[in-house]
Amino acid sequence: MAEAQTSSVDLVVIGAGPAGARAALRAQACGLDVLLVDENPDAGGQVWRPLPLGFSRAGDASPSPEAVQGDALRAEVRKSGVRCLFGHKVWNVGSGLRIDLIGPDGVVSWQPRAVLVATGTTERVLPFPGWTQPGVIGLAAATILLKSQNMLPGRRTLVAGTGPLLLAVANGILKAGGEVAAVLDLASRRDWLRTLPSLAARPDLLWQGAQWQIALRKAGVPVLYRHGIESVEAVAGGLRIRARQVDGAGAPVASASSRVFEADAVAAGHGLVPGTDVTRLLRARHRYDAARGGWIADADAEGRTSLAGVYVAGDGAGIAGAAAAGAHGEMAAVACAFDLGRLSARDHARERDRLSAQWRKPARFGRAMAGLMALKQGAVAGIPPATVVCRCEDVTRAEIDAAARDGARDVNQLKAWTRCGMGPCQGRTCSDVAGALLAAHVGSREAAGCFTGRAPLRPVSLAEVAGDYTYADIPIPKAAPL
Amino acid sequence: MTQSSSPATFSLRADQAVRRGPAVHFLADGVSVPAFEGESVAAALFASGWRELRRSPRDGAPRGMFCLMGSCQECLVWVGSRKLPSCQVPVAAGLEIETMAFREQRIG
């Protein structure tokens, strides 16, 4: 049989978004032999996602700041000669940090001395009745659709949730020639005003936000603060959305009457959750930090986790925003170079302090936004019992509550009893809300815990993993003497 | 899987800022779908009015693309011998994909 080849390298960086790509560039500059891997076809991550291959920007269109930053990063990665493995998914990290990937040509394995995990975030969508209807997509999904695919989510879209993506998506839709039925924001105007001091660090974004507000008003789009989606149902020709007022904790106000909107698409998102699949799989120590998005690997300021040779950086290490992610990635790379003996203590300290200063200002802004997008307890408490929480396995809130009442003490027990989080998404979509629901029974998020990481991190078929390994290759141990 | 009843008379494609790849067709469950090279299969199907990609395992409820970043696995389709999130599969001329229900029925 052909044993899958395992190649050696100093450092594997998982994720080529702003944190991972910058980390790889910096690690290479420190003299490390680096491999940068990503499941997407090029660097940039979700925030600086490139246009699809074969697309080009129209001659007269001025590219967005994100497009400019993404293109610059991609050009720098190409020019640097950093070894890249794009279009490859990490499906396992084995003993001794062996990285198993699957790409278009099958499985490959790399054996690094250190791993830097920069896997970014996934979007949290708070479940509501009807959120599984085709045509209901995430806010981040709408962003990808608009910016990368240059496609509208619908002719008329309702935009709902929390955070800065709300206005960005609503305006993206208007600009692309679509209609916005309404914008429903769980936050109040006052919640937004409270972020002003940290927004002062980014006058460009403050200005952009104001422009977006004006454009929505001009287009006559209703913007309802402290409102959430009560339900979405499929009706002839589209979707009927009921919106309801919520209180400061995000819980629906029972006395308020619901407002009805018609649209053919809904984009809903309630913040970002750090992607911790890899560090959970490796059994690194994790901690719950609501302000930074939820469960994150317990790491020092430079991204060192509880495991030797395992580093985290960027939003996956705790949300601080894309602008801060690059410096964070470089900080982790410098720490790794020092730990591997490639950087002197003096050079390390100098670079660490410089990068830390560079990181502080954008991180302050990013964390203020993360605060706006933090999970709202009342919104979780208000999820109706029959609502599906785990989309993969159709597990409802009522089933989660019942399991808790029957004695499920943590999310892994909940998973074993109800299949919540056991489906192909590996709990990435439901884990945060399932954990919050269980926490209401067991006292805290810490007590409810987080899903144990399990391979495969991405679905792979047995045939792909086994390759040409056949029955004949199975070693048969000698039978024990009778 | 059948196409949604609402025909896509309004184009969801927004071409103000971009020149798309060449116009091509790909096959989904044996149906020819017009698209542009490089678009994700999920987005191209969605733009053609094809929103339902599969049924959920327990409730049999309709599901379609959701996260568009390869995380949620809602848009899984067969591409040859591999089950892939269609949001991560670029359209190319001659590409053939099958929804899970279609393949199940075909193979029996």
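Helices (H or I, at least four residues) and strands (E, at least two) in these legends are DSSP runs, counted off from the N terminus. What you're looking at is a predicted model, where local features need pLDDT of at least 70, side-chain atom pairs count only at pLDDT 80 or more, and totals for chains, interfaces and linings use all residues. Residue numbers start from 1 along each chain as its sequence is written, chains are lettered from A and ligands numbered from 1 in the order in which they are written, and side-chain values use heavy atoms, with hydrogens and water left out.

**Arg419(A) sits in a loop with a positive phi.** Phi of this arginine is about 75°, although Arg419(A) is not a glycine. Look for Arg419(A) in the loop between helix 13 and helix 14 of chain A. Arg419(A) counts as partly exposed, at 43% relative accessibility; buried would mean under 20% relative accessible area and exposed over 50%, with partly exposed in between (1.4 Å probe, protein chains only).

**Arg283(A) is a non-glycine residue with a positive phi too.** Here phi is near 65°. Arg283(A) belongs to the loop between helix 8 and strand 18 (286–289) of chain A, and its relative accessibility of 45% makes it partly exposed.

**Trp131(A) and Phe66(B) make an aromatic pair.** Searching the whole structure turns up two aromatic pairs over all chains. In this one, the rings of Trp131(A) and Phe66(B) meet edge-to-face, 5.7 Å centre to centre with 85° between the planes. The pair joins two chains, because Trp131(A) is in the loop between strand 8 (121–123) and strand 9 (136–138) of chain A, while Phe66(B) is in the loop between strand 5 (62–63) and strand 6 (76–79) of chain B. Both Trp131(A) and Phe66(B) are buried. For the record, rings of Phe, Tyr and Trp (its six-membered ring) pair if their centres lie within 6.5 Å; planes under 30 degrees apart are stacked, over 60 edge-to-face, and the rest tilted.

**Tyr288(A) and Trp295(A) also pair edge-to-face, both in chain A.** Their ring centres are 5.8 Å apart, and the planes make an angle of 65°. Tyr288(A) is buried at 17% relative accessible area, and Trp295(A) is buried at 13%.

**Arg391(A) has its charged end over the ring of Trp131(A).** The distance to the ring centre is 4.7 Å. To count as sitting over a ring, NZ of Lys or CZ of Arg must be within 6 Å of the ring centre and within 35 degrees of the ring normal. Chain B has an arrangement of this kind as well: the charged end of Arg20(B) sits over the ring of Phe36(B), 5.9 Å from its centre.

**Asp432(A) and Arg124(A) form a salt bridge.** The term covers a side-chain nitrogen of Lys or Arg within 4 Å of a carboxyl oxygen of Asp or Glu, and the count comes to 46 over all chains. In this view the N to O distance between Asp432(A) and Arg124(A) is 2.6 Å. The partners are 308 residues apart, with Asp432(A) in helix 14 (residues 431–442) of chain A and Arg124(A) in the loop between strand 8 and strand 9 of chain A. Asp432(A) is buried, with a relative accessible area of 6%, and Arg124(A) is buried too, with 3%.

**Arg428(A) meets Asp277(A) in a salt bridge.** This one has an N to O distance of 2.7 Å. Arg428(A) lies in the loop between helix 13 (411–418) and helix 14 of chain A and Asp277(A) in helix 8 (residues 277–281) of chain A, so the pair ties together parts 151 residues apart in sequence. Both Arg428(A) and Asp277(A) are buried.

**Helix 3 and helix 4 of chain A cross at roughly 35°.** The axes of helix 3 (residues 139–147) and helix 4 (residues 165–175) come within 10 Å. Axes are lines fitted to C-alpha atoms, for helices over the stretch in contact, and angles run from 0 to 180 degrees between N-to-C directions. Helix 3 of chain A passes helix 4 of chain A in a left-handed crossing. Touching residues include Leu139(A) and Leu146(A) of helix 3 and Leu165(A) and Ile173(A) of helix 4, where contact means heavy atoms within 4.5 Å. Left-handed means that the near helix is turned anticlockwise from the far one by less than a right angle; clockwise would be right-handed.

**The peptide bond from Ala455(A) to Pro456(A) is cis.** Omega is near -5° for this bond. Pro456(A) lies in the loop between helix 15 (445–448) and helix 16 (462–466) of chain A.
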